[in-house]
Amino acid sequence: MPPEPATPASPTTDFSAQGEPLNPAFIEVDHFHFWYGAKQAIQDINMEIPERQITAFIGPSGCGKTTLLRNLNRLNDLIENIRHEGDIRIDGQSLYDPSVEVISLRKRVGMVFQKYNPFPKTIYENVVFSLRVAGRNAKAELDEVVERSLRGAALWDEVKDKLHESAYGLSGGQQQRLCIARAIANRPQILLMDEPCAALDPVATLKIEALMTQLKEEFTIVIVTHNMQQAARVSDRTAYFFMGRLIEYGPTLQLLSKPREKATQDYISGRYG
Amino acid sequence: MTSIIAFGGVCIVVAVFGIFAFIFSEVVPLFGKARVEKTATVQFPVTADGLTGLDEWSQLPFHYDGQRTLRFQPVQPSINQPSQVTLPLPDAVTVTSRRFDPEHNRLILGLSDGQVAIYQVKYASSADATGSTVVKGSVSSERLLPLPPGQPLQSVDYKDAGDRKLVAVVQGQGASAKLLVASLRQSRSLLGAGQVKIGESIDLTAKLEGQHPEHVLIPGTADSVIVETDRHEIFYLFLKNSAWELRQRFRPFPGESSPLAGIDLLLGDVSLVTWSDAGDLRIFSLFVPPGETTRLFGQTKSFPALPGGILHYLPSQRNKSFAVANDQLLRICHATTEGVRASIKLSFRPVDLAMDAKSEHLALLDNSGVLHLYQVDDPHPEAGFRAFFSRIWYEGSSKPKHEWQSTSGTDDFEPKLSLTPLIIGSLKGTLYALLFAVPIALLAAVFVAQFMHPDVKKVVKPVMEIMASLPSVVLGFLAALWLAPLIETRVPSVIAIVILIPLISALIGFGWSLLPVRHRNLLPKGSEYGVLIPIVILIAWGGWHLGPILERVFFVTDAPDGSKIADFRLWWPQFTGTPYDQRNCLVVGFMMGFAVIPIIFTISEDSLSNVPPSIISASEALGASRWQVVRTVVLPVASAGIFSALMIGFGRAVGETMIVVMATGNTAIMDTNGRLIFGEFGLGHGQFPLADHWDIFNGMRTLSANIAVELPEAAVHSTHYRTLFLGAMVLFLMTFSLNTAAELLRQRLREKFRIG
């Protein structure tokens, strides 16, 4: 399903013929290189990701799209022997500035993973985890956040009677939506989604996709996907990666229907590999 | 393949239960009662009452008719011959009192002219052609003591304690009864023991404060007499510096309707057995009561009444058992445990009891001259739940105690078999080892698994695993010969180091967290410890040298000459009232901690490392700090594995043997007579009984060390041997039940924090 037709007043749906968004560039990737040990995973990527839109990263496995995504909240810091060059800025501030505390960065950038991964806790405690680690424990606030987040993740009606049961009692799709609720609980500005539907059945996938189009009202969403149809259905802009390089980046409709590059054309028409 | 694995598993289960079954089978006989079976009767050719005795083979009992005739009558007439001896008593006297000393088979006779005659019944054995034991009995005349002529003797006793020999008699009856004692002296020459001369007899009647003596006993040390008077009191007279003094006077059954009926001694002669008309029996033992300087009699035991009163009493010559009987009942009791070992209904009226030297046969003579022989099978009279787990008032002790002292050099020794101090010792060693090991091992595991740089981790983990394979005898050797003497004089240093290292490390951590991010980011993640290592070394060095200064300031005691001494080893006993041992829990806890740390570390590190990275990433992505990730996600998820690690560490510490054998004093003592640290916090001595036994500067003996030390010396199937097996069973059950409970808890934890 392509994005809804644009009305000129709405900043979220404007993409002009030049592919320039009206929204200000919220995330700027500036000559970014990245190495795992001796292996270079990302080469010289420059891109701007606009605010309150869904930007999809597509490309074959090992093309560097997930690596770039995980650099947006510096989750790659967990891995040893990594190295980078260049810079990534969010809202004008460099992620790699020595005065940046990774923890406060991550509070601004939520993340949903490929395999749903709730904590071995209750539904309630899963949702409020980010508040608790931030030292916010007021019951009234937590209750409110739980309801808002679960409603935001379109899960409230299904779980409101079993908030204090284990999260593992939910179905896979519900668990992934719980992870989304958990990621948005602390109101981040950016939501990173790493193949969020890879482990889900089609019905659950559609629910998540519908949810994403709602969420972009509030969040800047970056999604990594292998599924071209999914990119077409939900994203405003799409970036195609190959061998660690950004090959083509533009409005989704344009990139999928009239790609400029031969490599993109090959990939989306299934001739890749 | 699976069948091979199943077979192996079944074999292990069978082996464990086989071991348990073996231990159990060794332990069960400890809790059995005595078995008493009638084996034979012997008819003496007399019908009068008399006195009887048994040889050590129980083949040739004798009967003494109370005057001049002593008859030996075989149990098996086909092997042994009956014989008869006439005692060479002076003419024209009769025997008016008699006492048989079963220890030396000595017959002490008080005569109507006031003299004392002593005979010894002797047995000699040889094997005949068929291999049967042939026993021959004879009587040797030991001596005739020419006490001053006077009234017939009502009671007589004689004891030979080598250099000192003492005879005591009660002369005359009723109001005219006199208590006389006389020492015997033996001159010694190069040619050996010379002639025995009787000293002057001393009249001690005046010492009885107006009461009249009825019965007199001499303990084996031959330095005192115990007199029962007509007013049912007991007088304890003691020979000190060749003068007799009244040490004690007491009434065993005060203010009761049934008065004292008889007194006698128990094997070892430090316990006085008294019984009343109603058959109540109380034992009084010699000990130094609190506040006194000499040993006095105090009641230590009481036994259920023998219905119908006690007519006969006979102590065993092998242990602290004794037999009492009346017209209907024979009862065998054990003094130490206050247990009734056997009760037998009698169909005849016994006139005397006898027991062989091995306490295997009991003979009861009835009034028609028939001797009823019983076989007594009671291999473990001193055992029982009471002996193993309760306080027992042992002979010579001023109060009931838990005590372990299984062997001694003498036969009349009372084995002290309480397992409680050993159990406490095991728990104490384990407690201190875990107190030291658990925080270090767990924190190290958390650090290595979640914080440390993987390159360093690759080195640290195998090194810790090599530490686990260090033979504990090496650790024990180090503890005993290097560590114990080293920290003996430096306890204040150890205290300073133990307090300073965590304190300063925590302060540095806190200070670090206050630094601006800019500075903190300079140091690569996972290498912050590099800063701490030199600081910890510095603190350890500083603490070591700070110790003597602390000692001079805080741990000062008064020397006997009035000067001040700064020595923790003197200060501790003075301050807490508990002794300071060089080989104490601190040393054991430290060294056993070293044995336990690698185990706890390795297993818990494994489970911490196995926490799925996905949920660690998830919590990091939600803005949790590394410490919050560990606390809120990693530790709960790994809790089941950590719990197993703790339990395996506990099992290792409880069962650890070599280190405790070498590094503790092996003192099975849990009785500390002081006010303790706990007392300082308002928990007075005794209010919190177990707290008295956790003193860190005491030694201990553990169940496992006890088995290792004593099993090689225990006679197979003796009570001692089986009690060591009981210790093994207690250890087995302790770890088995704890591990089972821990496993159940672990399953619940695992279920609760299962991922997915």
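Between chain A and chain B of this predicted model, the count is one salt bridge. That salt bridge joins the side chains of A:Arg106 and B:Glu620, with 2.8 Å from N to O. Here is a friendly tour of that interface, then of the two domains of chain B, and finally of how far the coordinates can be trusted.

**Where chain A meets chain B**

- Alongside the salt bridge, four residue pairs are in polar contact between chain A and chain B, with both partners at pLDDT 80 or more.
- On the chain A side, the elements that each supply two or more residues to the contact are helix H2 (102-108), strand E6 (109-112), helix H3 (123-133) and helix H6 (172-184).
- By residue type, the side of chain A that touches chain B divides into 15 nonpolar, four polar and eight charged residues.
- Counting both partners, 27 residues of chain A and 26 residues of chain B take part in the contact.
- The two chains bury about 2200 Å² between them, and carbon and sulfur atoms give 62% of that area.
- If you would like names to look for in chain A, A:Pro120, A:Val133 and A:Tyr168 lose the most area to chain B, and together they make up 23% of what that side buries.

**The two domains of chain B**

- Chain B is divided into domain 1, covering 33-395, and domain 2, which is made of two segments, 421-484 and 581-752.
- The C-alpha centres of these two domains of chain B are 55 Å apart.
- Seven residues of domain 1 of chain B and nine residues of domain 2 of chain B form the contact between them.
- The area buried between domain 1 and domain 2 of chain B is about 540 Å², with 66% of it on carbon and sulfur atoms.
- On the domain 1 side, B:His380, B:Phe388 and B:Phe389 lose the most area to domain 2 of chain B, together accounting for 72% of what that side buries.
- Zero salt bridges are found across this domain interface of chain B, while four residue pairs there are in polar contact, both partners being at pLDDT 80 or more.
- The side of domain 1 of chain B that touches domain 2 is made up of four nonpolar residues, one polar and two charged.

**How confident the prediction is**

- Chain A has an average pLDDT of 84, and 90% of its residues score at least 70.
- Chain B has a mean pLDDT of 86, with 94% of its residues reaching 70 or more.
- In chain A, residues 1-22 stay under a pLDDT of 50, and the model gives this stretch 32 contacts beyond four places in sequence.
- In chain B, pLDDT stays under 50 over residues 671-691, a stretch with 34 contacts beyond four places in sequence.
- Predicted coordinates should not be read in detail where pLDDT is low.

How values were computed
Residues are numbered from 1 along each chain as its sequence is written. Chains are lettered from A and ligands numbered from 1 in the order in which they are written. Side-chain values use heavy atoms; hydrogens and water are left out. pLDDT is the predictor's confidence in each residue, from 0 to 100. Contact means heavy atoms within 4.5 Å. Buried area is the accessible area (1.4 Å probe) that two parts lose on being put together, summed over both. A salt bridge is a side-chain nitrogen of Lys or Arg within 4 Å of a carboxyl oxygen of Asp or Glu. A polar contact is a pair of N or O atoms within 3.5 Å; within protein, one must be able to donate a hydrogen and the other to accept it, and residues adjacent in sequence count only if both atoms are side-chain atoms. Helices (H or I, at least four residues) and strands (E, at least two) are DSSP runs, numbered from the N terminus. Ala, Val, Leu, Ile, Met, Phe, Trp, Tyr, Cys and Pro count as nonpolar, Asp, Glu, Lys and Arg as charged, and the others, Gly among them, as polar. Domain bounds come from an automatic or database domain assignment.
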